[in-house]
Amino acid sequence: MILSTHYAVGMAIASQTDYWLLMPIASLISHFVLDRIPHWEYLDSSKQIKNNIPIIALDLLFPATVSLMLFANGILDFKELFWLNLGGFFGILPDGLVFLKIVTRSKNAWLKGFFKFHRKNHTLKNLKPFWGALSQAIIIVTCLGLISIAKNIGIG
Ligand SMILES: [Zn+2]
């Protein structure tokens, strides 16, 4: 899954609970559950990371930027902004660790073990870009819905 999808699901989980222990655990678990679903990603190999830094940055910052805009408009208060983004952080943390392992070429046993675990838990089935993008758009919109219900914002 792309980072925005993981981040949005982490945020949606955070919107549904303010229990400080449940939220990070549920957000972390959501990452591995999402990775098991056949999906589409714009990176096929770790070698592509270097060539796609702007897209990765955009993907990474998109949900956080939307939440910052909601904060700027007074729709979210600071505590909500922080909590939702903390959920997003835990939602992408596994990919962050994978990224760290690739970029630093670390030989750290714990990181290597985690890298293997992440790969083993990842689906081997890839969707075509159209279905992959559509399914992730649906997940993100559903997350927005969950956040707006929790916040009573209402979309539109
Ligand atoms: Zn992942």
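This is a short talk on how the helices of this predicted model pack, with a look at two single residues.

I'll begin with the helix pairs. Two packed helices are described by the angle between their axes and the distance between the axes. I'll give both values for each pair, then the residues involved.

Take α1 and α2 to start. Helix α2 covers residues 22-36, and it packs on α1 at an angle of about 145 degrees, the axes being 9 Å apart. The crossing of this pair is right-handed. On the α1 side the contact uses T5, H6, V9, G10, I13 and A14, and these meet M23, A26, S27, S30, H31 and L34 of α2. By type, the residues of this contact are six nonpolar and six polar, with no charged ones.

The next pair is α1 and α4. Helix α1 is residues 3-16, and its axis lies 7 Å from that of α4, at an angle of about 135 degrees. The oblique class runs from 115 up to 145 degrees on this side of perpendicular, and α1 and α4 are therefore oblique to each other. Their crossing is right-handed. From α1 the contact takes L3, H6, Y7, V9, G10, M11, I13, A14 and S15; from α4 it takes W83, L84, L86, G87, G88, F89, F90, G91, I92 and D95. That contact divides into twelve nonpolar residues, six polar and one charged.

If you look at α1 in both lists, H6, V9, G10, I13 and A14 appear against α2, and they appear again against α4.

Now α4 and α5. These two pack with axes 9 Å apart and an angle of about 125 degrees, and they are therefore oblique as well. The crossing here is left-handed. P94, L97, V98, L100 and K101 make the contact from α4, and L111, K112, F114, F115 and H118 make it from α5. Seven of these residues are nonpolar, one is polar and two are charged.

What sits between α4 and α5 along the chain? The loop there, between α4 (78-104) and α5 (109-120), holds R105. Phi of R105 is near 50 degrees, which is a positive value in a residue that is not glycine. Is R105 buried or exposed? R105 has 6 C-beta neighbours inside 10 Å, so it counts as exposed; the limit for that class is 12 or fewer.

On to α6, residues 129-151. With 23 residues at 1.5 Å a residue, α6 should span 33 Å, and its end C-alpha atoms are 32 Å apart, so the two values agree. Which residues of α6 are buried? They are Q136, I139, I140, C143 and I147. An α-helix has 3.6 residues a turn, so residues three or four places apart point the same way. The buried residues of α6 pack against α1 and α4, the oblique pair from earlier.

The last item is F71, which belongs to helix α3, residues 53-72. F71 has 17 C-beta neighbours inside 10 Å, so it counts as partly exposed. The buried class would need 20 or more. What does F71 touch? Leaving out residues up to four places away in sequence, F71 touches L76 and L81. F71 and L81 are ten residues apart along the chain, and their C-alpha atoms are separated by 6.6 Å.

That is the end of the talk.

Definitions and conventions. Residues are numbered from 1 along each chain as its sequence is written. This is a predicted model: local features need pLDDT of at least 70, side-chain atom pairs count only at pLDDT 80 or more; totals for chains, interfaces and linings use all residues. Helices (H or I, at least four residues) and strands (E, at least two) are DSSP runs, numbered from the N terminus. Axes are lines fitted to C-alpha atoms, for helices over the stretch in contact, and angles run from 0 to 180 degrees between N-to-C directions. Angles under 35 degrees count as roughly parallel, over 145 as roughly antiparallel, 65 to 115 as roughly perpendicular and the rest as oblique. A crossing is left-handed if the near helix is turned anticlockwise from the far one by less than a right angle, and right-handed if clockwise. Two residues are in contact if their C-beta atoms, placed from the backbone, lie within 7 Å. Ala, Val, Leu, Ile, Met, Phe, Trp, Tyr, Cys and Pro count as nonpolar, Asp, Glu, Lys and Arg as charged, and the others, Gly among them, as polar. The expected span of a helix is 1.5 Å times one less than its number of residues.
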